[in-house]
Amino acid sequence: MATNAIDQTRRMLSLVTYLRERPGAHIEDVARAFGITQDELISDLDVLPMCGTSFRGGDLLDIDTDGERIWWHNPDDVAAPLRLAADEATALLVAARAVATLPGLREGDRQALLRATAKLEAAAGEVAGASSRLSVTFESEGGVFADVDRAISERRRLWLRYYSPARDELTEREVDPIRLFAVGHTYMEAWCRLSEDRRTFRLDRVAEIKLLDEPSAAPEIELRDLSEGLVQPAAEDPEVVVEVGPGGRWVAEYYPHDSAEELPDGGLRVTLRTPDPASLRRLALRLGRDGRIVSPAGLADSARTAARDALAAYESADARGPGGLA
């Protein structure tokens with residue numbers, strides 16, 4: 001069964017208590033206790049060290065594994081009574097109030113959040129009054145996330161208007177949601193009734209969403225292992241070489257690659273594989289002067305042509321002026 005984001009959060013909170021009481025627990029035993037695979041457990045363990053009682057490094061969970069057992073090095077420090085600074089309490093209160101207004105949030109979760117917020121307000125004193133003058137408005141992705149999470153929990157179908165960057169158009173489709181996950185952005189994996197195949201949708205590209213009364217009926221499919229990233233190139237995929245300057249070194253962090261060689265100017269020569277080399281033209285445009293495609297030659301030429309066309313379009317727009325007249 002697919003696990004939604006809220007269920008995963010509950011599991012990870014339980015995992016913290018479980019590991020605190022069982023130092024040196026075996027990975028196999030922990031995975032079995034939580035009814036998940038060892039790969040899913042390792043994925044949770046990769047996230048937990050970024051969690052804690054504050055954003056300061058000493059207050060984060062110090063959890064690691066040697067591949068067989070799990071060790072938590074600072075359970076007593078993290079379990080100490082929480083002391084929030086004024087800015088931390090304010091941020092937490094503002095965020096809690098904002099999340100409580102999300103459409104599609106399950107009522108039980110909303111009430112639990114409101115009770116926790118009330119306790120925090122009582123403990124925060126004057127800070128609570130200051131935080132009440134601040135508010136957060138979620139962009140559309142927040143509402144989309146709540147609707148998808150609800151659809152997964154209630155096993156209901158969704159209707160979408162979705163922007164496809166490859167075709168530069170909005171399409172309408174019905175989907176049976178399978179799971180939510182985050183790899184840089186937040187995504188929904190679903191069975192698309194338009195294409196009759198599994199598809200991945202980025203939530204910030206959903207222009208409109210509706211929860212349908214029709215039950216979800218996704219076929220039984222094996223979930224992909226995303227521990228190595230959303231895009232996992234195969235050895236037979238075409239090779240692409242990209243050179244980036246110091247401002248483009250982030251490419252090696254976000255794109256799976258075969259190698260990244262240092263360049264004299266502080267940049268990198270990145271060799272990667274992709275089943276769709278043409279998709280990297282958008283990367284070249286985004287990099288601008290911070291990078292260029294070196295090979296294959298045909299892709300490098302098409303990227304330069306796309307850049308020239310984009311520049312010409314901007315210059316033409318500037319020449320016409322705000323009224324659209326030359």
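Here are three short exercises on this predicted model, each with a worked solution.

Residues count from 1 along each chain as its sequence is written. Local features need pLDDT of at least 70 and side-chain atom pairs pLDDT 80 or more, while totals for chains, interfaces and linings use all residues, and side-chain values use heavy atoms, without hydrogens or water.

**Exercise 1.** Find out how many salt bridges the structure holds.

*Solution.* Start with the rule: a salt bridge is a side-chain nitrogen of Lys or Arg within 4 Å of a carboxyl oxygen of Asp or Glu. The structure holds 21 of them.

**Exercise 2.** Work out which parts of the chain the pair Asp213 and Arg156 links, and whether each residue is buried or exposed.

*Solution.* First, look at the contact: the two side chains form a salt bridge at 3.4 Å, N to O. Next, place them: Asp213 sits in strand β8 (residues 206-215) and Arg156 in strand β4 (residues 156-164), 57 residues apart. Strands here are DSSP runs of E with at least two residues, and helices are runs of H or I with at least four, numbered from the N terminus. Now check the cover: buried means under 20% relative accessible area, exposed over 50%, and partly exposed in between (1.4 Å probe, protein chains only). Asp213 has 72%, so it's exposed. Arg156 has 16%, so it's buried.

**Exercise 3.** Do the same for Arg161 and Glu208: which strands does this pair link?

*Solution.* Their side chains meet in a salt bridge at 3.7 Å, N to O. Arg161 is in β4 and Glu208 in β8, 47 residues apart. With 25%, Arg161 is partly exposed; Glu208, at 30%, is partly exposed.
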